[in-house]
Amino acid sequence: MSGHRLPRGPRTLTVAYTGGEERRGPVTMGQANMIRCMLRDEPEHINIHDVWPVPEGTRTESAIDALRALAVRHEALRTTFPHAPGVAPSEQVVAPEGTFTVTVLDLDELPGGVVETGGAGGAGTAREAAGEAASAAGADAAAESGGPRGPGGPGDPRGPAARAESLARRARAERFRLDRDFPLRISVVTLAGAPVHLAMAASHAVTDVGALAVLKEEWLSLLAGETLPPLDSLTPLDLAAQEAAPAGLRKSEASLRYWERIIRGGPQAMFAEPGAEGTEVRVPQLTLRSRRAARALALVAERTGGLPSTVLLTAWCALVAHRTAQTACVAAVPTSNRYHSRLTRSVNTLSQDALLSLDVQVPTFDALLKKSWGGALDAYRHSQFDAVRLWEMIGRTTFERGSQFARDVVFNDVSTLPSTVAQVASPRPEETVEPELELSWGPDQVLPTRVLTFVYATEPLIHLALWADPTLFGRAEAEGFLTGLVRLLESAATDDVPLSSLTEVTGVRPVERGPLWCRVDGSWTSPPLVAETLSGALGGLPVHVTVEASYAYLPAERALTAFIAAGDTPLTPAEAHTALMDALPGRPGVLTPRRYVIVQDPPAEADRSSAWLRQEILREGTGRDRRM
């Protein structure tokens, strides 16, 4: 393709490649994780995308030749997943040769108008990183368009970058066919016949943001005439072999035990409070850009000896736990899983959730920082797992406990990841002065979380975005939460901060749940709300729920008891428990009772527990696995 100049006009080119090795074997844990999501979720929610700037003077032929070289170099790009209809694939096949297509479009031929700006320059969106546990896209970033908004500038919605971004986003909407499709859907955007941007959607079955960063870096090196070094990273098949070895299986089992401990004993939801409803919420993006915050963060790190990333995570956890009036902050902290040398530059899908549980019952910020360092390492150490078995464990554990794993809080720090994400927060032109503290509102997204935070940069300014449930955070409260985060960092920059003073220091007040809420089994719940939900799940049967000690010798261990007037309905505790469990999603303030007591008729004084206790008991039990 390098011997002639391509004509202008929209066209699709078929690019052939050959020279690889044919291989086959089992899928990796990360691949199985993402394939599960790809088969279940809408493609725009799980596919990822990116936009690469083309160096000035590059010919379209050269850009495509470099893509061909990457296809031969990386097995992941030649991988498909054969499977029968309705069955998730368990095997991957690497082809020695094949073809892929590249669409070439001139900027003047792209639709005009303002494009969505939730992710210019970043791989993926907030939506996939806010997905349920084990389906998170790890470190995939959603970043606002950066740069000045002059005509043609990076932030100009009519300019090449923004319109290439829109093109890449639209390409995500088509589902990748796992058994046959090339995993990159590529368009070259040209201006007056010269390529200016490469827009692509990527299959999450073989790529994540780290993989796209590696591909971008190598693609630019090839365009610069450089010779790429020999590969020494693990291929997906190599990694699958490691994971199936005894050491890999032990690591996965340890991760499952770690997750089970948190899910069995931690709060079922951070935002269990009035107004928290639904499994997916439309939330606006609020972006913070602040030099003040970056200076304060650096000073806290210098004063305490902590890493800036750990300091920021600690401050965020402290504020979330303070706002929710929880004794622990349980948050999904997606991780790239690229810490080992042979995985750092692997083109593969490696990112999975780390689950952090940080007990905030300590006196000061510095004491919490010491705990969070070890807590974060423990979470990251247990972020590689068999996703199918993880969800089997979650289902079993939550049914036994009578809870719903909400995963309602996500903190995704992509500030240390390589080029694909880092460029999103890169310094603007020299004439632009970075803001001391700037808050700006962006577009809405529908997310399965209450609070999602993306950190794009921590120097020379903190650049992060917050998506907070507007039912729980009005615009003023959301802005107050981020300015409160800055104030906490500034206070901790000069001295340790008592956690009892967070309201005064930050201006963020804890939620007021009211007298109808109480803490049971480590979670906030409302017995009247439990009774209402259980009654609705049972077709309107009268229900009364009370709180009592689980054990006489452990009076602090409280549990719920539900009294159900079944009448002539042949109801069992197991049926009651199953019905309530089915109603839990989207109701974080509802926890199932530990005991179900079924009587014939409700007492005259139906609001008094003592009256229900005088009724004749027909059946009682936990509804879990045995009768009481």
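# A tour starting at Glu-217

Select Glu-217: its relative accessible area is 36%, so Glu-217 counts as partly exposed. On this scale buried means under 20% relative accessible area, exposed means over 50%, and partly exposed is what lies in between (1.4 Å probe, protein chains only). The model is predicted: local features need pLDDT of at least 70, side-chain atom pairs count only at pLDDT 80 or more, and totals for chains, interfaces and linings use all residues. Residues are numbered from 1 along each chain as its sequence is written, and side-chain values use heavy atoms, with hydrogens and water left out.

**Salt bridges**

Add Arg-345 to the selection. Glu-217 and Arg-345 form a salt bridge, with 3.4 Å between the closest N and O atoms. The two residues are 128 apart in sequence and link distant parts of the chain: Glu-217 is in helix H6 (residues 209-223), and Arg-345 is in the loop between strand E10 (328-332) and strand E11 (355-359). Helices (H or I, at least four residues) and strands (E, at least two) are DSSP runs numbered from the N terminus. A salt bridge here is a side-chain nitrogen of Lys or Arg within 4 Å of a carboxyl oxygen of Asp or Glu. Arg-345 has a relative accessible area of 32% and is partly exposed.

Next, select Arg-264 and Glu-400. Their salt bridge has its closest N and O atoms 3.1 Å apart. This pair also links distant parts of the chain, joining helix H8 (residues 246-265), which holds Arg-264, to helix H12, which holds Glu-400, over 136 residues. Both ends are partly exposed: Arg-264 at 33% relative accessibility and Glu-400 at 31%.

Return to the starting point and add Arg-73 and Glu-218. Salt bridges with shared partners join Arg-73, Glu-217, Glu-218 and Arg-345 into one network.

For a pair within one helix, go to Asp-65 and Arg-68, whose salt bridge has its closest N and O atoms 2.8 Å apart. Both lie in helix H3 (residues 60-73), 3 residues apart, about one turn of the helix. Asp-65 is partly exposed at 25%, and Arg-68 is partly exposed at 22%. How many salt bridges are there by this rule? The count is 33.

**The nonpolar cores**

Select Trp-259, Trp-316, Phe-365, Ile-462 and Phe-481. These have the most contacts inside the largest nonpolar core, which has 69 residues. Helix H10 (residues 308-324) gives the most to this core, with 10 residues. A nonpolar core is a set of buried Ala, Val, Leu, Ile, Met, Phe, Trp, Tyr and Cys residues joined through side-chain atoms within 4.5 Å. In soluble globular proteins, nonpolar side chains tend to be buried together.

Centre the view on Phe-481. Which residues does Phe-481 touch, not counting those up to four places away in sequence? They are Trp-316, Leu-319, Val-320, Arg-323, Leu-466, Phe-473 and Val-508. A second, separate core has 42 residues, including Ile-46, Phe-176, Leu-184 and Trp-219.

Now select helix H14 (residues 475-494). Its 20 residues should span 28 Å at 1.5 Å a residue, and its end C-alpha atoms are 30 Å apart, which agrees. The expected span is 1.5 Å times one less than the number of residues. The buried residues of H14 include Ala-478, Phe-481, Leu-485, Leu-488 and Ala-492.

**Backbone exceptions**

Most residues other than glycine have a negative phi, and most peptide bonds are trans. Select Glu-459 and Pro-460: a cis peptide bond joins them, with omega about 0 degrees. Pro-460 lies in the loop between strand E14 (451-457) and strand E15 (462-468).

Then select Ala-192, a residue other than glycine with a positive phi of about 55 degrees. Ala-192 sits in the loop between strand E7 (184-191) and strand E8 (194-202). Is Ala-192 buried or exposed? At 59% relative accessibility, Ala-192 is exposed.

Arg-407 is not a glycine either, and has a positive phi of about 45 degrees. Its place is the loop between helix H12 (387-401) and strand E12 (409-413). Arg-407 is buried, at 6% relative accessible area.

**Whole chain**

Finally, select the whole protein chain, which has 18 helices and 21 strands. Of its 628 residues, 57% are buried.

Notes:
Contact = heavy atoms within 4.5 Å.
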